[in-house]
Amino acid sequence: MSDDGAPATWENGPSSDYEHHSSGSPYSPSQYPYSGPRSASHHQSLSRDSLNAEGSSSSIPLPPTKTTSPVPRSSSESHGRSSSSQWRESAQVTLERKETYSTLPTTEAPSVVEPSFDENILRALCDLDCSVPLMLDRIKQSMASCKEAATFLRKRAAIEEEYGRNMQKLARTTSEGYAATDGKAGSFVHAWQMSMKIHDVLAENRLKFAQRLNEMSEELTNLTKEVDKNRKQTKDLASRYERALQDSESVTEKSKSRFDMTAEELERLLLQKEGESFKENAVQLRSPGGGGKRVIGKVAAKGGLLLKGKNPGNLARQEDDVRARMSQASDTYRKAVTETQTIRQEYFNFQLPRILRALKECNDEIDLGTQYHLSRYAFIYESTVLSDGTTLSPLGIEDGPGLKATTETIDNRADFRVYMQNYAYAHGGANFRGPRREGPADKGFVAPIPNIIDRSNQQTQLASGYNSGGSPGGSTLQVHDRGRPTFGVDLAEQMARDNVEVPPIMGKCCEAIEKYGLRSQGIYRISGTVTKVNKLKERLDKDLDSVNLDADEWSSDINNVTSVLKMWLRELPDPLLTQDLHQGFIDAAKIENDRLRHIRLHERVNELPDANYATLKYLMGHLHRITQYESVNQMSVSNLAIVFGPTLFGQNGGNGQMADASLQNKAIETVLEHYADIFVDEAE
């Protein structure tokens, strides 16, 4: 305290109290300047003229003439100045309390309040006596809610991360370990590996989801710490202002007590001077309010010397002394009242609204932050579920097949046929140690029984002899053999014989397939009817030009045409990819690097004879068009490779070729995938 009994200074001064906040904090001086909203009447009582009349810098900056916030003052302005001079220079005040923030007209929008801030809430808070503890408790509740949200997100992230890692580990170990089992090959392997990749993608989605949840949990935790720090700082600031006001009120009470006692001494002296006894006027000296301040016992104790020396000279000197002390006590009391009223005006008009605003914005920050992260959690969760859905069931063809479509690509019939052929080549023939079907008659063997295909051909030939009429190229007419066979003839020979660039049977069949079978599900994978296939083969072999594949007999089931085309390729004396280049293709297919494997297979394709190259180019173009309708016909590049791998490489090379079945399929798949790079010139 100062010598006159008033508090020396506010703790660190009104300006420096806010300097502990960083410039980026919502509670910094630049965000909350000292100038507060003022009404018209308040501007009159606290005008610029009255503030400038004191001739010194004010601790309360003048309200800005524009809507921009004033520059915050530095704490050095309040150093070395007493509280009395500081507050006296601040404003000319009266003992009546001025308008507070809560009593300002609602029609005037204060410039200090941002448009997004709820001014009505701030006014209502200023009207409450318990506004500061109310806001502190509310922020504590919001912090507890934010912590609960952060804890939930952290635990949910742990669950998702564990699920994702376990799913990823299961999918990868299953995919890698299948090769070591005795499981099936063919289309089942491809579907199985694709399903494991889909599960791996699902696991990746969950791991990304868990990572985002951890990030949100950490952000909420940091938000809680920051808000708690700001809450404590603002609480300490409010406590300092309240203590300063309470200290000033205490000083005022003490000054008032000294003034009352001096007044009582003066009254007693005047009564003594007039010759009235103290005892007779003791009752009259008591205060009508009975406040307990004017107690005669205290007066007697403090001013007992007045009863001594009753001569007029002593009484006059004592009266002058008491009046001097009375004047000093009166000035001290008046000064203390003015100081207290000024501090009270500053606190309720400016500091309290600023503190409440800081607390309200602190509360809004954590409330909006919590709500934002919960909304973000809902959005990310929804996106993750939708991503899982599109992974399981893609919307477009370019997204690849889903889990169900991948499972539907399994062709058990084709897989079994390939397995049966491979097994027969590997374990049959001379290597078979079981019972034999044929042998010499002297050892008890009988002639073989005609198979079902031969019988059906005989029945077909007999039936055709009794029929007449029909459409050209139909099955009801006998076909004249022109002596130009197609099946089992060397590719180069028949192309040279017919003087064509593409074998006629391939062009004829591919055109019909593209006309009637592009949208047929399982095209090339599903075989035709045995009798129909043999009949069409016989007609094409005798007179290819006379066969009309547009006839209902053949166009109604295009699988018969595809089966005949595959049969023609299988019966070539030398496979389409030739025996000489067989090992070269297999070695190229073994390369793990996709780009290098493509280059090596391209080199092998370029080494093919002209007839084989031209036929392969035409066939790959046809199959490429088939894959463009994969969403309808369910024949992907890998599915077509499984069908045409053994067909184009041939199965006449013994057991070694059967062991290379998967590499054959890989070679055909790579060539078909890079059809444009291998066969299509830029000039075309």
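Among contacts in the protein between residues at least 6 apart in sequence, 78% join residues at least 24 apart. The model under view is a predicted one, and this tour proceeds through it by selection.

**The whole chain**

Begin with a cartoon of the entire protein. The secondary structure consists of 26 helices and zero strands. If the display is then coloured by accessibility, buried residues account for 43% of the 684 residues.

**Between helices α6 and α7**

Select helix α6, residues 131-177, together with helix α7, residues 187-273. Which side chains meet here in a salt bridge? Those of E160 and R206 do, at 3.2 Å from N to O. Because E160 belongs to α6 and R206 to α7, this pair ties together parts that are 46 residues apart in sequence. Neither partner requires a search on the surface: E160 is buried, with a relative accessible area of 6%, and R206 is also counted as buried, at 15%.

**Along helix α10**

Move next to helix α10, which covers residues 312-392. Show the side chains of R325 and D321, which form a salt bridge with an N to O distance of 3.4 Å. The two residues stand four apart in α10, so about one helical turn separates them. Are these partners buried or partly exposed? R325 is partly exposed, its relative accessible area being 32%; D321 is likewise partly exposed, at 43%.

Now select D331 and R334 in the same helix, three residues apart, or about one turn. Their side chains are joined by a salt bridge of 3.1 Å, N to O. D331 has a relative accessibility of 43%, and therefore counts as partly exposed. To see salt bridges that share partners, select R156, E160, R206 and D388, which are joined in this way into one network. The structure as a whole holds 29 salt bridges.

Remain in α10 and select R354, which is also found in this helix. R354 is buried yet takes part in no salt bridge. How far away is the nearest side chain of opposite charge? That side chain belongs to E346, and it lies 6.4 Å away, whereas a salt bridge requires a separation within 4 Å. The side chain of R354 does, however, make a polar contact with the side chain of Q351, at 2.9 Å.

**Helix α18 and its surroundings**

Proceed to helix α18, residues 559-570. With 12 residues at 1.5 Å a residue, this helix should span 16 Å; its end C-alpha atoms are 16 Å apart, so the two values agree. Most of α18 is covered, with 11 of its 12 residues buried. Which residues of α18 are buried? They are N559, N560, V561, T562, S563, V564, L565, K566, M567, W568 and L569.

To view what surrounds these residues, add the helices against which they pack: α14 (491-498), α15 (504-516), α16 (530-542), α17 (552-555), α21 (610-627) and α23 (637-649).

**Two loops with positive phi**

The next stops concern backbone angles. Most residues other than glycine have a negative phi.

Select Y524 in the loop between α15 and α16. Y524 is not a glycine, yet its phi is positive, at about 75 degrees. With a relative accessibility of 0%, Y524 counts as buried.

Then select Q634, located in the loop between α22 (630-633) and α23. Here too is a residue other than glycine with a positive phi, near 60 degrees.

**The cysteines**

For the last stop, display the cysteine side chains. How many disulfides are there? The count is zero, a disulfide being a pair of cysteine sulfur atoms within 2.5 Å. C510, for instance, is in no disulfide, and the nearest cysteine sulfur, that of C509, is 6.9 Å away. C510 has 0% relative accessibility and thus counts as buried. Select C126 as well: this residue is buried, with a relative accessible area of 13%.

Notes:
Residues are numbered from 1 along each chain as its sequence is written. This is a predicted model: local features need pLDDT of at least 70, side-chain atom pairs count only at pLDDT 80 or more; totals for chains, interfaces and linings use all residues. Side-chain values use heavy atoms; hydrogens and water are left out. Buried means under 20% relative accessible area, exposed over 50%, partly exposed in between (1.4 Å probe, protein chains only). The expected span of a helix is 1.5 Å times one less than its number of residues. Contact means heavy atoms within 4.5 Å. Lys and Arg count as positive and Asp and Glu as negative; His and the chain ends are not counted. A polar contact is a pair of N or O atoms within 3.5 Å; within protein, one must be able to donate a hydrogen and the other to accept it, and residues adjacent in sequence count only if both atoms are side-chain atoms.
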